[in-house]
Amino acid sequence: MFAQTATLRERFKALRTGADAFSLRHVRQADQYLCVRRGVAEPPRLVLDEGAMLVARVGGNEAYAATSDLSQAGLQQALNRAETLARQLGPHGLIDQAPLAMTQARQDYLAPGVEQPFAALSDCVALLQAEAARVPADARFANWETTLGISDVQHLYFNSAGGELRQAFRFVYPGVSVTAANSTDSQTRTLGRENFGQQGSLEVLERLGLAGSAEQVADEALQLLLAPNTPEGARDLLLMPDQMALQIHESIGHPLEMDRILGDERNYAGTSFVRLEDFGSLRYGSPLLNVTFDPTLPEELASYGFDDDGTSASKTWLIRDGILQRPLGSALSALRSGLPGVANSRASSWNRAPIDRMANLNIEPGQQSLQTLIASVERGILMRTNRSWSIDDARNKFQFGCQWGQLIENGQLGAVVKNPNYRGISASFWRSLTGVGDRDSLGVLGTPYCGKGEPNQIIRVGHASPPCLFGNIDVFGGQE
């Protein structure tokens with residue numbers, strides 16, 4: 001592990017520049033993706049990507065240059081480009097970055113499982129085939145697949161202040177999907193895939209319940225195929241953790257990213273309904289809403305020791321008792337806005353500059369069990385597993401659809417319904433929060449597919465949440 005440390009350290013020390021400060025961030029990522037479709041193993045997809053980003057700071061301006069040439073000459077050439085660009089920015093700089101500190105730490109961060117090899121590829125394929133074989137023989141099953149994605153990532157960071165950081169991660173993404181169809185409809189039920197990532201090794205498959213899940217997923221797909229459409233109207237809405245992940249992501253995470261609030265992302269990812277003056281006073285949700293930025297949970301997908309500018313990461317409250325406290329702003333955004341931020345300067349790879357990104361954004365558990373939440377509902381609906389999402393550029397008005405719906409009547413779970421959807425306005429929605437599940441009901445999930453930035457960056461984020469209950473929400477079904 002970290003085989004290139006000594007070589008890159010010496011090459012970094014040998015770099016020559018007239019910049020006031022400079023740094024190197026090296027990323028090595030090895031991916032494998034396995035899929036067994038309808039019982040047949042597809043060829044594995046294997047990817048190895050490696051390179052470095054050089055950053056030069058001149059007179060308060062920073063510029064970037066990336067390279068896959070890790071030789072001394074290749075790194076020097078990239079640093080020269082970065083320095084030249086930083087000097088050209090001189091007459092156009094909008095702020096003075098000189099006060100930004102550079103870490104002087106020399107530390108390692110090792111995610112769980114990274115020091116042990118994962119199971120052999122052939123063993124992983126056999127596991128997926130065994131799970132696929134659990135899908136019952138039924139002509140109504142149009143497609144079924146079991147999948148496993150594994151990413152091993154190493155980061156090295158050096159700067160001219162003497163900082164040296166080494167971080168290693170392993171990301172695991174198991175999944176099961178079954179589609180049932182008849183002459184008039186098709187319904188898909190999934191476990192995992194887009195929102196079931198965690199850090200670790202083989203234990204992730206056990207924590208997320210991959211083994212033995214295919215039969216239940218298949219049964220639920222058939223239940224949905226035979227179920228009536230979701231009724232329309234105002235109901236209490238109980239969202240399970242796998243849908244809460246999407247709700248947190250879109251209507252809390254993105255609106256609180258400081259670069260969006262400052263207008264940097266309006267051309268592509270959009271802006272935010274949140275204003276600078278809202279921090280410290282805006283009632284974002286009911287008093288039950290407590291949200292943290294927490295990159296310290298070992299198994300969560302976006303846990304790390306330091307962000308990509310070398311800032312040490314720690315748990316921070318963003319919303320407390322429903323009141324907005326702090327934005328998702330990096331050290332640079334904190335300097336620009338005058339508001340305290342968090343360690344969230346993150347890049348998707350070695351060839352992208354870090355920008356403000358959510359990492360692990362979590363709903364803190366409450367005091368109610370799942371059964372207590374259900375028992376408190378007279379007329380409502382439970383929804384789980386996101387299927388579709390739509391939200392405006394300011395991350396305000398939204399409409400989300402789920403795979404699974406189940407009516408709640410007089411405190412009891414009732415009939416399964418298909419095509420469940422709900423809509424609302426972000427702050428109003430969170431102010432309708434009436435119940436938060438306890439720690440025993442907490443789900444730790446994540447997605448590798450959060451997109452933002454120009455050029456685009458697809459990055460990993462984590463969301464931990466218990467089930468949450470919302471009062472009087474507009475729900476509706478799909479078209480018949």
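Which residues does UniProt give for the feature "domain: Metalloprotease TldD/E C-terminal"?

1. The UniProt record, in an unreviewed entry, places this feature at residues 236-475. The structure discussed here is a predicted model, and the remarks below should be read with that in mind. In the model, the end C-alpha atoms of residues 236-475 lie 9 Å apart, and the span is 15% helix and 37% strand.

2. A good place to begin looking at side chains is Glu164, which lies in strand β7, a strand covering residues 164-181. Its relative accessibility is 8%, and because buried means under 20% relative accessible area, Glu164 counts as buried. Leaving aside its neighbours within four places in sequence, Glu164 is in contact with Thr5, Arg9, Ala105, Arg106, Gln107, Tyr157 and Phe158.

3. Two residues from that list of contacts deserve a second look. The side chain of Glu164 is joined to the side chain of Arg9 by a polar contact of 2.7 Å, and a polar contact of 2.9 Å joins the side chain of Glu164 to that of Arg106. Arg9, Arg106 and Glu164 are linked in a network of salt bridges. As a general point for a student new to such pairs, side chains of opposite charge can pair when their charged atoms come close.

4. How many salt bridges does the count come to? The count comes to 21 salt bridges, and one of them is formed by Glu257 with Lys452, whose closest N and O atoms are 3.0 Å apart. Glu257 lies in the loop between α6 (241-253) and α7 (258-261), whereas Lys452 lies in strand β22, so this pair ties together parts that are 195 residues apart in sequence. Glu257 counts as buried, at 0% relative accessibility, and Lys452 is likewise buried, with a relative accessible area of 0%.

5. Lys452 should also be examined together with Asp259, since the side chains of Lys452 and Asp259 meet in a salt bridge of 2.8 Å, taken from N to O. This pair again links distant parts of the chain, with Lys452 in strand β22 and Asp259 in helix α7, 193 residues apart. Asp259 counts as buried, at 4% relative accessibility. A reader following Lys452 in the structure will therefore find salt bridges to Glu257 and to Asp259, where buried is the term for any residue under 20% relative accessible area.

6. Another salt bridge is found where the side chains of Arg275 and Asp278 meet, at 3.0 Å from N to O. Are these two residues buried, exposed or partly exposed? Arg275 is partly exposed, with a relative accessible area of 47%, whereas Asp278 is buried, with a relative accessible area of 6%.

7. Some details of the backbone also call for attention. Arg38 has a positive phi of about 50 degrees although it is not a glycine, and Arg38 is placed in the loop between β1 (21-37) and β2 (40-41). With a relative accessible area of 44%, Arg38 is partly exposed. Thr385, which is not a glycine either, has a positive phi of about 70 degrees, but its place is in strand β17, made of residues 379-391. Thr385 counts as buried, at 5% relative accessibility.

8. The peptide bond that runs from Glu454 to Pro455 is cis, with omega near -5 degrees. Pro455 lies in the loop between β22 (443-452) and β23 (457-465). A second proline to look at is Pro91, found in the loop between α2 (72-88) and β5 (106-110). Pro91 counts as exposed, at 70% relative accessibility, and the C-alpha atoms of Pro91 and Asn61, which are 30 residues apart along the chain, are separated by 9.9 Å.

9. A last point concerns the surface, where Leu94, Ile95 and Leu335 form a nonpolar patch with about 310 Å² of accessible area together. Leu335 has its place in helix α8, which covers residues 331-337, and Leu335 is partly exposed, with a relative accessible area of 35%.

Methods
Residues numbered from 1 in each chain as written. Predicted model: local features only at pLDDT ≥ 70, side-chain atom pairs only at ≥ 80, totals over all residues. Heavy atoms only, no water. Helix = DSSP H or I, 4+ residues; strand = E, 2+ residues; numbered from the N terminus. Buried < 20%, exposed > 50% of the residue type's maximum accessible area, 1.4 Å probe, protein only. Polar contact = N/O pair within 3.5 Å; in protein donor to acceptor, adjacent residues only side chain to side chain. Contact = heavy atoms within 4.5 Å. Patch = residues over 30% accessible without salt bridge, like charges linked within 9 Å, V, L, I, M, F, W, Y side chains within 5 Å. Areas by Shrake-Rupley, 256 points an atom, 1.4 Å probe, with all protein chains shown as cover. Salt bridge = Lys/Arg side-chain N within 4 Å of Asp/Glu carboxyl O. UniProt positions renumbered as here; feature names shortened; annotations may be inferred.
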